[in-house]
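Student: I have a structure open on my screen and would like to learn how to read it. Could you walk me through it?

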Amino acid sequence: MGISDTIYALSSGGLPSGVAMIRISGTRTTEVLAKLSGKIPAPRLAKLSSIRGRNDQLIDQGLVLFFKGPGSFTGEDCAELQLHGGKAVVEAVLTELAYLGCRHAEAGEFSRRAFQNDKLDLVEIEGLADLIAAETEMQRRLAVEHSSGHLSSLYEGWSRRLVHARAMIEAELDFADEEDVPGSVSPSVWADMSLLGEEIGTHLDGAAVAEIIRDGLNVVIAGAPNAGKSSLLNALAQRDIAIVTEIAGTTRDVLSVDLSLAGFSIKLHDTAGLRETQDLVEKEGIRRARNVISKADLVIALSDNPCDFPELGAVGTIRVGTKIDSNPDLWDKSAADVLISVKTGQGMERLIDVIVSRLPDLNAFSNFALPSRRRHVDCLNEARTAIHSSLAAADLGLDIQAEYLRIAGDALGRITGRVDVEDLLSIIFSEFCVGK
Ligand SMILES: Nc1nc2c(ncn2[C@@H]2O[C@H](COP(=O)(O)OP(=O)(O)OP(=O)(O)O)[C@@H](O)[C@H]2O)c(=O)[nH]1
């Protein structure tokens, strides 16, 4: 590797901060450490050191950690400098690292090296990106299953079963006429492949829930103008996000806010009131409203009049009667799922309970090892289809059946990155921040 194979980056967050962590990785790590701190600490032991620049000038005092490759995150020699998190301190050390011939890392470059050196597979790396991005408890639990290798073990176990089945078939093809390989190998192989197809199917059943956990549940507030939609958005977000006036048609565009509810990420959208109008801007707002309604996981349909609920045709609608502080006599209980007043807070807890009751039931899943990315789901579907094709191809001959199993194995291998993923890598690693 050339001089710039040794990379560095600030791996901790924005400055100033109490402590800033600079990470270094590559063949020149020990040489750089010796120049910056005088000596190389014993691997994995934090050592309080003076960090010095050119002309022996003291830059800062901090902890220096050295990880000898391959026993490091990237698999190469790595170091971590834990410094005081001042902008000038960090800038001075980064400048010194550049002067010493190191190169600033690109986004995700440390993780890319970890992948290239077989320290992590793609599922673990994607899980790491999700773990860093996780904002809710559910997102964290989902991501940690991926980053910790649980999901990879599951896929690798499946891959091994496919390889075993192919080996058994190959043996039967090669030694079909010889007496020492019993012809009865195949039935147990096909039974296992049938079971594997079912296991992948069950695993795929969790994909929709995992997607909701990872990307959030889309909840749309819809209704006639003045029904109280913006007031409800503000109340649920506990902030003044949307403009509230008594003028019908105030909200023109879709306004969105992220909330965390029962550990789930909720994307709540306020929409323009639905009515016939000649106003061009309002018309466009209503078109956008209908568009988000059609993509919603859940719609909260509002009306301040029981005779006036919007017909949305959306699946998963909660009918909410509003302003019951001012119009209690208008409502009979059966007219709506929940009656609320944003003014007095009446019914708000019940509304939140009803929304939570519409969230996916996680008790149906024994763990969070679920496929959360489209990429994984596509590969799993491809693997399952190929297994089914193999099982259905008995009349076509063992070599055709084995070929389908190879296709299934390749599809599983692409999830963890064991086969044919070069073109995927830049997409995956670009999701990372610099320093990871
Ligand atoms: N009394 C009472 N008034 C409310 C309540 N919620 C909203 N309002 C009033 O109803 C009017 C309309 O409220 P908004 O929240 O702007 O209604 P909207 O559905 O977003 O209206 P558009 O943006 O025009 O579609 C405002 O004057 C609010 O103060 C409530 O619970 N009780």
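Tutor: Happily; we will go from domains to an interface, then to the ligand and some backbone details. Keep in mind that this is a predicted model.

Student: Let's begin with the layout. Which domains does the assignment give?

Tutor: The domain assignment lists domain 1 (3–105), domain 2 (124–206 + 369–429) and domain 3 (214–357). Notice that domain 2 is written as two segments. The centres of domain 2 and domain 3, taken over C-alpha atoms, are 43 Å apart.

Student: How many residues are in contact between domain 2 and domain 3?

Tutor: Eight residues of domain 2 meet six residues of domain 3. Another way to read an interface is by area: about 610 Å² is buried between domain 2 and domain 3, with carbon and sulfur atoms giving 54% of it. On the domain 2 side, Thr136, Met138 and Gln139 supply 59% of the buried area, more than any other three residues.

Student: And which polar interactions should I look for there?

Tutor: Start with charged pairs, then go on to polar contacts. The rule finds one salt bridge across the interface of domain 2 and domain 3. Asp130 and Arg214 form a salt bridge, with their closest N and O atoms 3.1 Å apart. Between the two domains there are also four residue pairs counted as being in polar contact. Helix α5 (residues 137–147) gives the largest share of the domain 2 side, four residues. By class, that side has two nonpolar, three polar and three charged residues.

Student: How many salt bridges does a search of the whole structure find?

Tutor: The search finds 25. One worth displaying pairs Arg373 with Asp130, where the closest N and O atoms are 2.8 Å apart. Arg373 sits in the loop between α11 (348–357) and α12 (374–392) while Asp130 is in helix α4, so this pair ties together parts that are 243 residues apart in sequence.

Student: Now the ligand. Which residues are closest to the ligand?

Tutor: The closest are Lys229, Ser231, Gly249, Asp325 and Val342, among 21 residues that surround the ligand. To read the contacts, check whether the side chain or the backbone provides the polar atom. Ser231 uses its side chain, with an N or O atom 2.6 Å from an oxygen atom of the ligand. Lys323 likewise places a polar side-chain atom 3.1 Å from a ligand oxygen. For Val342 the polar atom belongs to the backbone, and the distance to an oxygen atom of the ligand is 2.8 Å.

Student: What should I look for in the backbone itself?

Tutor: Most residues other than glycine have a negative phi, and most peptide bonds are trans, so departures from either pattern are worth a look. Here, the peptide bond from Leu15 to Pro16 is cis, with omega near -5°. Pro16 lies in the loop between β1 (7–10) and β2 (17–25). The bond from Gly69 to Pro70 is cis too, with omega near 5°, and Pro70 is in the loop between β4 (58–67) and β5 (78–85).

Student: Where is Asp118 found?

Tutor: Look in the loop between α3 (109–116) and α4 (122–133). Asp118 has a positive phi of about 60° although it is not a glycine.

Note on methods:
Residues numbered from 1 in each chain as written. Predicted model: local features only at pLDDT ≥ 70, side-chain atom pairs only at ≥ 80, totals over all residues. Heavy atoms only, no water. Domains from an automatic or database assignment. Contact = heavy atoms within 4.5 Å. Buried area = accessible area lost by both parts, 1.4 Å probe. Salt bridge = Lys/Arg side-chain N within 4 Å of Asp/Glu carboxyl O. Polar contact = N/O pair within 3.5 Å; in protein donor to acceptor, adjacent residues only side chain to side chain. Helix = DSSP H or I, 4+ residues; strand = E, 2+ residues; numbered from the N terminus. Nonpolar A, V, L, I, M, F, W, Y, C, P; charged D, E, K, R; others polar. Near = heavy atom within 4 Å.
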